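Please open the structure in a viewer and follow the stops below in order. Each stop names a selection and then describes what is found there.

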Amino acid sequence: VYSSGSYLPSDKNLKLNEEDYADALALVNKIPVKTYSYKQDGIYGKMSLPRGEQVGIMAQDLQEVLPQLVKHAYFEDVEAFENGEVAKEDMPSIDFNAVNYTGLVPVLVKAMQEQQEMIEQLQAEIELLKND
């Protein structure tokens, strides 16, 4: 899917149970970031996965920290069925997990805010120590 931009509904009037989010930095520190390449052989090649080295998060790792940002997905090789290569019940398929990277953005923003607060506290302490 290619897009030149998108907007997601986020108006306060659409939401219930609003609460401040806390400890984002601790959560972010638990998420390993990896480099990897997608499989391109067989049925994987039919998924139009990006080629070359990628940087990202493994869904299984994120699921341990923020399970609400991971969704089970399913890919069927419909083309093999439509071309008469296999019967419908024998269609090759892949079960996999997908990551909601857009949903991760607010967590990262909060983590940066928490980190900035820590930096400002440390700067204030340094100034106090310099003035002693």
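**The whole chain**

Begin with the entire protein chain in cartoon view: from the N terminus on, its elements run α-β-β-α-β-α-β-α. There are four helices and four strands, where helices (H or I, at least four residues) and strands (E, at least two) are DSSP runs numbered from the N terminus. This is a predicted model, in which local features need pLDDT of at least 70 and side-chain atom pairs count only at pLDDT 80 or more, while totals for chains, interfaces and linings use all residues. Residues are numbered from 1 along each chain as its sequence is written, and side-chain values use heavy atoms, with hydrogens and water left out.

Next, display the C-alpha trace, which spans about 80 × 40 × 30 Å along its principal axes. Buried residues (under 20% relative accessible area, 1.4 Å probe, protein chains only) make up 20% of the 132 residues.

**Glu114 and its surroundings**

Now select residues 101-131, which form helix H4, and locate Glu114 within this helix. Glu114 is buried and has no salt bridge, that is, no side-chain nitrogen of Lys or Arg within 4 Å of a carboxyl oxygen of Asp or Glu. Select Lys110 as well: this nearest side chain of opposite charge is 4.7 Å away from Glu114.

Which backbone nitrogen does the side chain of Glu114 reach? Selecting Ala24 shows the partner, at 3.0 Å. Finally, add Ala22, Asp23 and Leu25 to the view; with Ala24, these residues are in contact with Glu114 when its neighbours within four places in sequence are left aside (contact means heavy atoms within 4.5 Å).

Notes
Buried means under 20% relative accessible area, exposed over 50%, partly exposed in between (1.4 Å probe, protein chains only). Lys and Arg count as positive and Asp and Glu as negative; His and the chain ends are not counted. A polar contact is a pair of N or O atoms within 3.5 Å; within protein, one must be able to donate a hydrogen and the other to accept it, and residues adjacent in sequence count only if both atoms are side-chain atoms.
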